[in-house]
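Biologist: I'd like to zoom in on one part of this model rather than tour the whole thing. Could you take me through a single sheet, and then show me what it connects to?

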Amino acid sequence: MGRMRRTVLGIFAALILAAATACTITTQDPGYVPPPPLRPLEQLEQTPLVDAKGFSNGEGVVSFITADRTVACSLTAARGEHVNLPYEQNNFSDSANNKLATVPVAHCELARYPKPKAEDANDDCAGTNLGYLGGVALLTPDSARYGECRSGVTEMEATYGPGGSKTGDISELQVLGEGQNLEGNGLRCSAYNGGVACGNVSAGVGFFVSPDHYELIYKPDETASPAPHEPSKTP
């Protein structure tokens, strides 16, 4: 009987020891500081691309919406000011605009957005200087802008802005997950850091937009070459 008790106690002790050694106890490092997010163009350049097939409408337009439904974007084309968007009425396909050059663009709309800075309002709205509103960002291969002249709300604002319908074409867009990166027509967009970055990586041009702030990114000016050294005129 004593031998059996010792055997049972030994087995029990072995089980407790095994359970104790199998458990891993982790503690948070109070001094750990997470690294800051990448700069927008670094995010676009370094993050692997996801397959754009699930985001394409089959007509050369790649569109997505962020998981929190605050930003919707399209990698598409424009003729002059006419941007080819599947969820906004536009005159891109109007035959009168066929004479205009077709340019690849990235276009984003926000449900909630900051006001444009005075220095970024690059349109006088037909001479009125009224109605230049935020909520829209546009990237071409060599320029980026925030804001546009309009009298109403964007489709994104009407859908997911205050009192929005939460229905319609824009609500059916595929979600681009946080940190994912898409490319179309040589331009890239990435959902990250609470917003969306779009850019032409090779040209060093882009933008970042979020409900709280925006940033326009321009290629740094080339450093001027130093003047050639003139020989001394002293005999």
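In what order do the five strands of the open sheet lie, and is their pairing parallel or antiparallel?

Modeller: Quick caveats before the sheet. This is a predicted model, so local features need pLDDT of at least 70 and side-chain atom pairs count only at pLDDT 80 or more, while totals for chains, interfaces and linings use all residues. Residues are numbered from 1 along each chain as its sequence is written, and side-chain values use heavy atoms, with hydrogens and water left out.

The order is β8-β9-β10-β11-β12, and the pairing is antiparallel. Strands here are DSSP runs of E, at least two residues long, numbered from the N terminus, and two of them pair if DSSP finds at least two bridges between them. The edges are β8 (181-184) and β12 (214-217); each has a single partner strand, so one side of each has no neighbour in the sheet. From one strand to the next, the twist averages 10 degrees, taken between lines fitted to C-alpha atoms, with angles running from 0 to 180 degrees between N-to-C directions.

Further in, β9 (residues 187-192) and β10 (residues 195-200) are antiparallel partners over five bridges. One residue to click on is Val196 in β10, the bridge partner of Ala191.

Val196 also takes you into the largest nonpolar core, where it is among the residues touching the most other members of the 25, along with Phe64, Cys108, Leu139, Cys198, Phe207 and Val209. A core here is a set of buried Ala, Val, Leu, Ile, Met, Phe, Trp, Tyr and Cys residues joined through side-chain atoms within 4.5 Å; buried means under 20% relative accessible area, exposed over 50%, and partly exposed in between (1.4 Å probe, protein chains only). Leaving aside neighbours within four places in sequence, Val209 is in contact (heavy atoms within 4.5 Å) with residues including Val196, Gly195, Cys108 and Tyr214.

Now for the edge strands and their charges. A salt bridge puts a side-chain nitrogen of Lys or Arg within 4 Å of a carboxyl oxygen of Asp or Glu, and the whole structure has five. In one of them, Glu215 meets Arg39 at 2.8 Å, N to O. That pair links distant parts of the chain: Glu215 is in β12, while Arg39 is in the loop between α1 (2-22) and α2 (40-46), 176 residues apart. Glu215 is partly exposed, at 24% relative accessible area. Another salt bridge joins Glu183 and Arg188 (3.0 Å, N to O). There, Glu183 is partly exposed at 33%, whereas Arg188 counts as buried at 18%.

Terms used: Helices (H or I, at least four residues) and strands (E, at least two) are DSSP runs, numbered from the N terminus.
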